[in-house]
Amino acid sequence: MDELHPFLYQGGFACVALLTSLCIAVSIVHNKGGVAALLSWKLLRMIGVRAYNIYLWHWPVFCLSQPWVDVPLDGMALFALRIAIIAVLTEISFRWIDTPIRTGWLTK
């Protein structure tokens, strides 16, 4: 489904929001259940901790890597390259900017 599909604007986004809320509610109420176990996977926790950095980096990476304009790729190869670049930039900014600031480096 692409970003212009009518279903998205006729309740699709609302369905995603409701399902997300349901997952959060189930994981809180049944904190030893399957949803909580899924959300506690190390990879998902790492993504959650770095979510803001991912949010900050995804747009510039996607804008500066247009298929056949900026990079000689498209499809899944381009998507994999973008994800790899976002992951590297996210980790760099998380480790060398966010973490030092959170641990009080600015006040020292």
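A residue counts as buried when its relative accessible area is under 20%, and this cut-off is the one to keep in mind while walking through the predicted model shown above.

**First stop: R50**

Select R50, which lies in the loop between α3 and α4. Its relative accessibility is 13%, so R50 counts as buried. Leaving aside residues up to four places away in sequence, R50 touches T90, E91 and F94. With E91 this contact is also a salt bridge, in which the closest N and O atoms are 2.7 Å apart. Because R50 sits in the loop between α3 (42-49) and α4 (51-63) while E91 belongs to helix α5 (residues 75-102), the pair ties together parts that are 41 residues apart in sequence.

**Second stop: E91 and R95**

Keep E91 on display and add R95, since the side chains of these two residues meet in a salt bridge as well, at 2.5 Å from N to O. E91 and R95 are four residues apart in helix α5, which means that about one helical turn separates them. Is R95 buried or exposed? With a relative accessible area of 54%, R95 is exposed, whereas R50 is buried. Showing R50, E91 and R95 together displays a network of salt bridges that links the three residues, and the count for the model comes to two salt bridges. As general background, side chains of opposite charge can pair when their charged atoms come close.

**Third stop: the packing of α4 and α5**

Now display helices α4 and α5 as a pair. Two packed helices are described by the angle between their axes and the distance between the axes. Here the axes of α4 and α5 come within 9 Å and cross at roughly 135°, and the two helices are therefore oblique to each other. The crossing of α4 with α5 is right-handed.

Which residues of α4 meet α5? To see the contact, select N53, I54, W57, H58, V61 and F62 in α4, and then, on the α5 side, F79, R82, I85, I86, L89, T90, S93, F94 and D98. Colouring this selection by residue class should bring out nine nonpolar, four polar and two charged residues in the contact of α4 with α5.

**Fourth stop: T90 and R82 within the contact**

Two of the α5 residues in this contact, T90 and R82, merit a selection of their own. T90, in helix α5, has a relative accessible area of 3% and is buried. Outside its sequence neighbours up to four places away, T90 touches R50, N53, I54 and W57, so that selecting T90 leads back to the residue of the first stop, because R50 is among these contacts.

R82 is likewise found in helix α5, and at 12% relative accessibility R82 counts as buried. The residues that R82 touches, again without those up to four places away in sequence, are V61, F62, S65, Q66 and P67. For a sense of distance, draw a line from the C-alpha atom of R82 to that of S40, a residue 42 places away along the chain, and the separation is 26 Å.

**Last stop: W68**

Finish by selecting W68, which lies in the loop between α4 and α5. At 57% relative accessibility W68 counts as exposed. The backbone of W68 deserves a look too, as its phi is positive, at about 65°, although W68 is not a glycine.

Conventions: Residues are numbered from 1 along each chain as its sequence is written. This is a predicted model: local features need pLDDT of at least 70, side-chain atom pairs count only at pLDDT 80 or more; totals for chains, interfaces and linings use all residues. Side-chain values use heavy atoms; hydrogens and water are left out. A salt bridge is a side-chain nitrogen of Lys or Arg within 4 Å of a carboxyl oxygen of Asp or Glu. Buried means under 20% relative accessible area, exposed over 50%, partly exposed in between (1.4 Å probe, protein chains only). Axes are lines fitted to C-alpha atoms, for helices over the stretch in contact, and angles run from 0 to 180 degrees between N-to-C directions. Angles under 35 degrees count as roughly parallel, over 145 as roughly antiparallel, 65 to 115 as roughly perpendicular and the rest as oblique. A crossing is left-handed if the near helix is turned anticlockwise from the far one by less than a right angle, and right-handed if clockwise. Contact means heavy atoms within 4.5 Å. Ala, Val, Leu, Ile, Met, Phe, Trp, Tyr, Cys and Pro count as nonpolar, Asp, Glu, Lys and Arg as charged, and the others, Gly among them, as polar.
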